[in-house]
Amino acid sequence: MTVTLSMAGEGNRPVTFIDLTAQFRSMSAEVMAAVEAVFTEQKFVLGEEVQAFEDEMARYCDASFAIGCNSGTDALIIALQALGIGEGDEVITTPFSFFATASSIVRAGATPVFVDIDPVTWNLDVDKIEAAVTPRTKAIIPVHLFGQCVEMEPIWRIAAQYGLSVVEDAAQAIGAEYRGRRAGVLGTVGCFSFFPTKNLGGAGDGGLMTTDDPEVAKRLKRLRVHGDVGGYEHIEVGMNSRLDALQAAVLRIKLRRLDEWSEARQRNAANYLTMFREQGVLDYLAPPTIAPERRHVFNQYCVRVKHGCRDAMLQGLRDRKIGCAVYYPKSLHQQTCFKSLGYSAGDFPESERACAEILALPSYPELPAADQVRVVEGIAEVCRELRGSQSIRRAA
Ligand SMILES: *Cc1c(COP(=O)(O)O)cnc(C)c1O
């Protein structure tokens with residue numbers, strides 16, 4: 001596709017970062033009929049609708065089992081608990097992720113141990129994992145950040161060598177692939193989120209766990225209902241974390257169109273790259289890298305803004321009413337609530353640098369072509385200003 005800049009010319013109409021109403025408009029009759037059917041049945045928690053969605057998700061990920069729960073956060077907590085991880089255990093993960101990746105480890109009673117990221121993919125630097133393994137290490141949580149899978153092969157090797165579980169944080173990576181296998185079947189348990197802004201978004205909170213291990217599946221199922229094995233017999237203390245039938249009904253309809261939406265996200269990414277080249281802005285922007293053997297599903301389209309200009313670019317785009325966002329402004333090892341872990345500034349330089357340089361641009365599947373053109377025009381304008389001011393500064 002060639003995008004010409006003359007398509008824009010709509011003055012200062014705001015470009016929204018994400019517009020969920022466009023997707024709903026395209027399927028509102030179907031969704032509302034499914035919601036109405038749940039109300040007619042009055043079976044709101046688990047039940048047939050949830051079972052059907054779980055079966056479809058298992059098929060989608062090529063997993064033996066899929067178990068719905070309340071949120072992606074709960075999926076991570078339940079997964080860790082099901083694998084017997086708790087007090088005194090260490091879990092290795094990335095400091096460059098959404099808060100829940102690390103908080104779930106603390107909620108499970110264990111200690112997060114951070115390992116810095118690879119500056120190219122922003123995912124865990126797999127070459128640094130082994131040095132972080134101690135006798136207390138029980139698991140690794142690779143996060144498939146922004147929709148791109150972590151390089152799993154070295155993680156499998158380390159996990160096998162030291163007897164560790166692998167819990168995938170696949171909250172942003174439904175449908176993403178590594179060597180032709182989908183996120184969710186690349187570890188012991190895969191954890192998904194259906195928060196409305198994820199690639200498969202529900203009408204509220206929702207989550208799901210996948211596994212190929214029948215024993216683990218049994219325990220995941222038990223832990224989402226208070227550790228109940230049936231007949232009010234509780235053999236361990238679990239949670240109340242079930243998926244609502246309303247969510248399942250909505251998600252079943254949306255799942256049918258997920259691949260079409262993922263392809264639209266990939267097209268947006270390809271168009272950005274073409275337009276960045278056309279507009280000559282690559283002196284200021286580093287576009288995202290798609291690593292080999294991956295299917296990237298672009299839950300976020302993030303660029304790195306060079307020369308210390310991220311905040312200026314963010315402000316410049318906001319001044320032009322162009323929506324953009326920062327994921328994430330603060331590395332997890334610097335969060336106040338994790339002070340007791342004893343980390344300090346400079347411990348994970350690549351994660352800290354990403355926090356200072358990264359910028360997410362609009363890339364939802366229904367993003368109008370004219371909006372995307374406006375985003376790149378806005379970037380080109382800010383770049384021209386920056387070039388001017390920076391050369392003035394250099395000359396002074
Ligand atoms: C969204 C997200 C979660 C948490 O999912 P919720 O459903 O919001 O609880 C966990 N990890 C990552 C990387 C996420 O993006």
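1. A polar contact is taken here as a pair of N or O atoms within 3.5 Å. In this predicted model, serine 193 meets that cut-off: an N or O atom of its side chain is 2.6 Å from an oxygen atom of the ligand.

2. Two further side chains approach the ligand through polar atoms. Aspartate 169 places one 2.7 Å from a ligand nitrogen atom. For glutamine 172 the partner is an oxygen atom of the ligand, at 2.8 Å. Of the 380 Å² of accessible area that the ligand has on its own, the protein covers 93%.

3. The shell around the ligand consists of 14 residues, the closest being Gly72, Thr73, Asp169, Ser193 and Lys198. Sorted by class, the shell has eight polar, four nonpolar and two charged residues.

4. Where does the ligand sit with respect to the pockets? The space it takes is the largest pocket. Helix H4 (72-82) supplies at least two residues of the ligand shell, and helix H5 (100-107) likewise supplies at least two.

5. On charged pairs, the whole structure contains 25 salt bridges. One salt bridge joins arginine 224 to glutamate 54, with the closest N and O atoms 2.8 Å apart. This pair links distant parts of the chain, its members being 170 residues apart. Glutamate 54 belongs to helix H3 (residues 47-61), whereas arginine 224 lies in the loop between helix H7 (214-223) and helix H8 (245-255).

Definitions and conventions:
Residues numbered from 1 in each chain as written. Predicted model: local features only at pLDDT ≥ 70, side-chain atom pairs only at ≥ 80, totals over all residues. Heavy atoms only, no water. Near = heavy atom within 4 Å. Polar contact = N/O pair within 3.5 Å; in protein donor to acceptor, adjacent residues only side chain to side chain. Areas by Shrake-Rupley, 256 points an atom, 1.4 Å probe, with all protein chains shown as cover. 1 Å grid on protein atoms, 1.4 Å probe; cavity = no way out; pocket = protein on both sides within 12 Å on 5 of 7 lines; lining within 4 Å. Sits in = over half its atoms within 2 Å of the grid points. Helix = DSSP H or I, 4+ residues; strand = E, 2+ residues; numbered from the N terminus. Nonpolar A, V, L, I, M, F, W, Y, C, P; charged D, E, K, R; others polar. Salt bridge = Lys/Arg side-chain N within 4 Å of Asp/Glu carboxyl O.
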